[in-house]
Amino acid sequence: MHEELKALLAQMPDEQRVRIAGRDFWVGHLHGQPVVAVLSRIGKVAAAVTATMLLERFAVRGIVFSGVAGGLAPGVNVGDVVVATELLQHDMDASPLFPKYEVPLMGLSRFATDAAISDSLVAVAEEALRDPVALVGQGAVDEFGLRSPKVHRGLLVSGDRFVSTAAESDALRRQLPDALAVEMEGAAVAQVCHDYGVPFAAMRTISDRADDEAHGDFARFVAEVASRYSLALVGAWLARQPAT
Ligand code: ADE
């Protein structure tokens, strides 16, 4: 989201804008590491194009996706963090030609993330979430009820729908009982990274429960919570990387 990118850019001392295909790619350094920061845009196609540009035009060595998601599994609550171990497109269905969820001609429905990057994201998230007041301030903790936010790891599902009814999230829970959370881009970027053989990881802040209240305070949550989580977690993860 814009607010998350803005927070990251404020920490980049030397970013240069490169505009391609209507997207602004910000090339520079964050915590001493060379990075390209960009908004994926919303939806699977937009995110796949952005990922392809990162790989083709900037030759990035890996992609780390941060953003927000709707919690699906019981206990995945607003203010928690989900680090994906695998991603699936919940709206992919070419049955009966191919099994439901399988990406035709790939023989795959679930795309695994890079284990080392994901482990490292879990570690920095657990550390940061120990003190939510330090992370987002007392005001946001009270406003969004972030008492003891948790880190979850597992399946993240993506589709071109903002899931905003209990009926739809119930259906997703029934069909994909191990899905932790739903969003609109991750599995597409995972597929592109798989094609290129480049490591991919995704971490999402839970902004809603993908139910009838999902659109509630979305903008405020992104500005006050998710952007601070992204900054802290991406920053802490980069700071742990060996100097290049
Ligand atoms: N991103 C954040 N919340 C979401 C939801 N409920 N559905 C899809 N994407 C989301």
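The expected span of a helix is 1.5 Å times one less than its number of residues. Let us try that rule on helix 2 of this predicted model. Helix 2 runs over residues 44–57, and its 14 residues should therefore span 20 Å. The C-alpha atoms at its two ends are 19 Å apart, which agrees.

Staying with helix 2, look at which of its residues are covered. Lys44, Ala46, Ala47, Thr50, Ala51, Met53, Leu54 and Leu55 are buried. A reminder helps when reading such a list: an α-helix has 3.6 residues a turn, so residues three or four places apart point the same way. With that in mind, you can follow Ala47, Thr50 and Leu54 along helix 2, each of them among the buried residues. After the helix comes Ala59, with a positive phi near 50°.

Helix 8, residues 218–239, can be put through the same kind of check. Its 22 residues should span 32 Å at 1.5 Å a residue, and because the end C-alpha atoms lie 29 Å apart, expectation and model agree. Helix 8 does bend, though, by about 35° at Ala226.

Now let us turn to the ligand. Which residues are closest to it? Gly70, Phe162, Val163, Glu183 and Asp208 are the closest of the 13 residues that surround the ligand. Three elements, strand 4 (63–71), strand 8 (179–183) and strand 9 (200–208), each give at least two residues to this shell. Strand 4 has the largest share, with three residues. Sorted by character, the shell holds eight nonpolar, two polar and three charged residues.

The nitrogen atoms of the ligand are a good place to zoom in. A polar side-chain atom of Asp208 is 2.6 Å from a ligand nitrogen. At Val163 the partner is a backbone N or O atom, 2.8 Å from a nitrogen of the ligand. Gly70 also takes part through its backbone, where a polar atom lies 3.3 Å from a ligand nitrogen. As for cover, the ligand on its own has 260 Å² of accessible area, and the protein covers 97% of it.

Elsewhere, two polar side chains deserve a visit. Gln191 sits in helix 7 (residues 186–196). Is Gln191 buried or exposed? Buried means under 20% relative accessible area, and Gln191, at 18%, therefore counts as buried. Its side chain makes a polar contact of 2.7 Å with the side chain of Gln89. Next, find His90 in the loop between strand 5 (81–89) and strand 6 (111–112). With a relative accessible area of 10%, His90 is therefore buried too. A polar atom of the His90 side chain lies 3.5 Å from the backbone nitrogen of Gly159.

We can finish with some backbone details. Most residues other than glycine have a negative phi, and most peptide bonds are trans. Against that background, the peptide bond between Ser95 and Pro96 is cis, with omega about 10°. Pro96 belongs to the loop between strand 5 and strand 6. Ala21 has a positive phi, near 55°, and is found in the loop between strand 1 (16–20) and strand 2 (23–30). Ala210 has a positive phi of about 55° although it is not a glycine. You will find Ala210 in the loop between strand 9 and helix 8. At 0% relative accessibility, Ala210 therefore counts as buried.

Terms used. Residues are numbered from 1 along each chain as its sequence is written. This is a predicted model: local features need pLDDT of at least 70, side-chain atom pairs count only at pLDDT 80 or more; totals for chains, interfaces and linings use all residues. Side-chain values use heavy atoms; hydrogens and water are left out. A residue is near a molecule or strand if one of its heavy atoms lies within 4 Å of it. A polar contact is a pair of N or O atoms within 3.5 Å; within protein, one must be able to donate a hydrogen and the other to accept it, and residues adjacent in sequence count only if both atoms are side-chain atoms. Accessible areas come from the Shrake-Rupley method with a 1.4 Å probe; for residues, only the protein chains shown count as cover. Helices (H or I, at least four residues) and strands (E, at least two) are DSSP runs, numbered from the N terminus. Ala, Val, Leu, Ile, Met, Phe, Trp, Tyr, Cys and Pro count as nonpolar, Asp, Glu, Lys and Arg as charged, and the others, Gly among them, as polar. The bend at a residue is the angle between axes fitted to the seven residues ending there and the seven starting there. Buried means under 20% relative accessible area, exposed over 50%, partly exposed in between (1.4 Å probe, protein chains only).
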